[in-house]
Amino acid sequence: MDYKEQVMEKAEILKAIGHPVRLCLAKKLCENKECNVTYFMDCMGVSQSSISQHLGKLRDLGIVGYKKDGQNVYYYLKNEDVRKVIKVMFE
């Protein structure tokens, strides 16, 4: 990957977590290894469907992953760059 591609990729990550709800979701995933959608309900006072949409965006960008356990879906932070950024921002 050349320099320009790398910068573009990092900019997309920053843009994704630049939204207040997605930043809240990423922060909560830094604090806990795995979370289901219900755990995120206090993120910025948005609905469960909105949280699911934001998690989908983060998943599409490779920032979060998920695993299913029966009917439950648990999300986790996949991207270590995001973990580092969150750590710097909130410490």
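The predicted model shows a protein with four helices and two strands. Followed along the sequence, these elements come in the pattern α-α-α-β-β-α. The radius of gyration is 13 Å, close to the 12 Å that the globule rule gives for 91 residues, so the protein is as compact as a globular protein of that length. Measured out along the principal axes, the C-alpha atoms fill a box of roughly 40 × 25 × 20 Å. Of the 91 residues, 32% are buried. Contacts across the sequence can also be sorted by how far apart the partners lie: among those between residues at least 6 apart, 49% join residues at least 24 apart.

A good place to begin a tour of the interior is the largest nonpolar core, which has 22 residues. Within this core, L25, I63 and V82 are the residues with the most contacts. Several elements contribute, with α1 (3-17), α2, α3, β2 (72-77) and α4 (80-90) each supplying at least two residues. Helix α2 gives the most, with six residues. One of the well-connected core residues, I63, has a wide circle of partners beyond its sequence neighbours up to four places away. Those partners include I13, A16 and I17 on one stretch of the chain, then L58, and further along Y76, L77, K78, N79 and V82.

Attention now turns to the way the helices pack. Two packed helices are described by the angle between their axes and the distance between the axes. For α1 and α2, the axes come within 6 Å and cross at roughly 100 degrees. An angle from 65 to 115 degrees counts as roughly perpendicular, and α1 is therefore roughly perpendicular to α2. The residues that meet here are K15, A16 and I17 from α1, and R22, L23 and A26 from α2. Sorted by class, the contact of α1 with α2 has four nonpolar and two charged residues, with no polar ones.

Helix α2 also packs with α3, at an angle of about 75 degrees and with the axes 10 Å apart. This angle, too, makes the two helices roughly perpendicular to each other. On the α2 side, the contact is formed by V21, R22 and L25, which meet I51, H54, L55, K57 and L58 of α3. By class, five of the residues in the contact of α2 with α3 are nonpolar, one is polar and two are charged.

A closer look at H54 adds detail to this picture. H54 is found in helix α3, and it counts as buried because its relative accessibility is 12%, where buried means under 20%. Leaving aside neighbours within four places in sequence, H54 is in contact with H19, V21, R22 and L25. The last of these, L25, lies 29 residues from H54 along the chain, yet the C-alpha atoms of H54 and L25 are separated by 8.4 Å.

The loop between α2 (20-31) and α3 (48-60) offers two further residues to examine, one of them V46. V46 is partly exposed, with a relative accessible area of 22%. Apart from neighbours within four places in sequence, V46 is in contact with V21, M41 and I51. Both V21 in α2 and I51 in α3 also take part in the contact between those two helices. A residue farther off is D2, 44 residues from V46 along the chain, and the C-alpha atoms of V46 and D2 are separated by 38 Å.

M44 also has its place in the loop between α2 and α3. Although M44 is not a glycine, its phi is positive, at about 65 degrees. M44 is exposed, with a relative accessible area of 53%. Not counting residues up to four places away in sequence, M44 touches P20, V21 and C24. From M44 to N79, 35 residues apart in sequence, the C-alpha to C-alpha distance is 22 Å.

Key: Residues numbered from 1 in each chain as written. Predicted model: local features only at pLDDT ≥ 70, side-chain atom pairs only at ≥ 80, totals over all residues. Heavy atoms only, no water. Buried < 20%, exposed > 50% of the residue type's maximum accessible area, 1.4 Å probe, protein only. Contact = heavy atoms within 4.5 Å. Core = buried A, V, L, I, M, F, W, Y, C linked by side-chain atoms within 4.5 Å. Axes fitted to C-alpha atoms, helices over the stretch in contact; angles between N-to-C directions. Parallel < 35°, antiparallel > 145°, perpendicular 65-115°, else oblique. Nonpolar A, V, L, I, M, F, W, Y, C, P; charged D, E, K, R; others polar. Rg over C-alpha atoms; globule rule 2.2 N^0.38 Å.
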